[in-house]
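User: I am new to this structure and would like a close look at one part of it. Please keep the sentences short and show how that part fits with the rest.

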Amino acid sequence: MTTSGEPRGLGRPPLTWNALGRSREELAVMADWPQQATTDWAWGGSSGRGVRVCIVDSGIEGGHPDVGPIQGSYAVTSVGGAEPSVRPVDDGDACGHGTACAGIVRSLAPECELYSVRVLGERYASSGDAFVTGLRWAVSQGFDVVSLSLSTTRRRFAEALHAIADDAYFQRTLLVASAHNTPVESFPWRFSSVVSVGSHAVQDPALVLYNPNPPVEFFAHGTDVEVAWPGGGRTRITGNSFATPHVAGYCALALGKHPQLTPFQVKNLLYLTSSNVEGSA
């Protein structure tokens, strides 16, 4: 979707097998990074303006004091046993999880555009088909950042989710995905084409740590986090789900300042600016 609300209509990118017949000039890439990539260079002065962030979750309570207006609200629905599809809906949150994540993103990137795709219902109920349908749709719309604080342990959905994650990576949609809260295998955070996130225990939203022993790549504030909650209130909550939108927010800030960055480059920027990476600032 573009900022005017029209679908971008992206399909899978054309395959490239080699550079035969293409000149060096055709492949030129501007590499204007400083010798030391600091957080100030990465996102200093950015508000996330112009960056479109999609929260695939339980919906968002638009107008919440900690969230503000949202630019689009959608839900995966299935009528009469038909294949699930994505439709526009009124804003709202089925269980609070999505509003909590949206508030965190907004706290870091106050001028980003927020969109919601609801795949979770009351009591966090969902299906793998709804999850895959919602995430595929979000990627096809070309959002800049998709924040995903959920996963599935069902291996039969892994292949489809892997293809969606790769499509996102090559189409410049940054997929930021939460690791499972328990040491089990789930998807899509396990895939290297996404930015995977777990929690640290420090009460500091600014602290992002790189994990030298993946598959979880980054740790962020996810313990006893004060979050927005439906009804205009707040609550405190713990989990990888709430570390993830912190990283998504920083990604939105970086893309607001450097809109040309690819997911590969944003992930490198997160690594270089992580507080535990030697030489980082």
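In what order do the nine strands of the open sheet stand, and how do they pair?

Analyst: This is a predicted model. The sheet is open and has nine strands. Their order is 4-3-6-1-7-8-9-11-10, and the pairing is mixed. Strand 4 (85–88) and strand 10 (209–210) stand at the edges. Each has a single partner strand, so one side of each is left without a neighbour in the sheet.

As background, strands of a sheet pair through backbone hydrogen bonds, either parallel or antiparallel. Strand 1 and strand 7 give a parallel case, with four bridges joining them. Val56 stands opposite Leu148 in strand 7.

A charged pair sits in this part too. Arg52 makes a salt bridge with Asp144, and the closest N and O atoms are 3.5 Å apart. Arg52 belongs to strand 1 (residues 52–57). Asp144 lies in the loop between helix 3 (128–140) and strand 7 (145–148). The pair therefore ties together parts that are 92 residues apart in sequence. Both partners, Arg52 and Asp144, are buried. In general, side chains of opposite charge can pair when their charged atoms come close.

How many salt bridges does the structure hold? There are seven. Among them is the one between Glu185 and Arg190, at 3.6 Å from N to O. Here the partners are partly exposed: Glu185 has a relative accessible area of 37%, and Arg190 has 36%. Buried would require under 20%, and exposed over 50%, so these two residues fall in between.

Another salt bridge joins the side chains of Asp224 and Arg236, at 3.9 Å from N to O. Asp224 lies in the loop between strand 11 (218–221) and strand 12 (225–229). Arg236 is in strand 13 (residues 233–237). These parts are 12 residues apart in sequence, and the pair ties them together. Asp224 is partly exposed, with a relative accessible area of 34%. Arg236 is also partly exposed, at 49%. Salt bridges can share partners as well: Asp66, Glu226 and Arg234 are joined into one network that way.

Now step back from the sheet. The protein has six helices and 13 strands. Its radius of gyration is 18 Å, close to the 19 Å that the globule rule gives for 281 residues. The protein is therefore as compact as a globular protein of that length. Along the principal axes, its C-alpha atoms fill a box of roughly 55 × 45 × 40 Å.

One of the helices is helix 5 (residues 240–257), with 18 residues. From its first C-alpha to its last, helix 5 reaches 26 Å, close to the 26 Å expected at 1.5 Å a residue. Helix 5 is mostly covered, with 16 of its 18 residues buried.

Burial can also be counted across the whole chain. Of the 281 residues of the protein, 51% count as buried. The accessible surface comes to about 13,300 Å². Carbon and sulfur atoms account for 51% of that surface.

Contacts complete the picture. Among contacts with a separation of 6 or more, 71% come from residues 24 or more positions apart. Arg52 and Asp144 give one example of a link across the sequence, with a salt bridge between parts 92 residues apart.

How values were computed. Residues are numbered from 1 along each chain as its sequence is written. This is a predicted model: local features need pLDDT of at least 70, side-chain atom pairs count only at pLDDT 80 or more; totals for chains, interfaces and linings use all residues. Side-chain values use heavy atoms; hydrogens and water are left out. A salt bridge is a side-chain nitrogen of Lys or Arg within 4 Å of a carboxyl oxygen of Asp or Glu. Helices (H or I, at least four residues) and strands (E, at least two) are DSSP runs, numbered from the N terminus. Buried means under 20% relative accessible area, exposed over 50%, partly exposed in between (1.4 Å probe, protein chains only). Two strands pair if DSSP finds at least two bridges between them. The expected span of a helix is 1.5 Å times one less than its number of residues. The radius of gyration is taken over C-alpha atoms; the globule rule is 2.2 Å times the number of residues to the power 0.38. Contact means heavy atoms within 4.5 Å. Accessible areas come from the Shrake-Rupley method with a 1.4 Å probe; for residues, only the protein chains shown count as cover.
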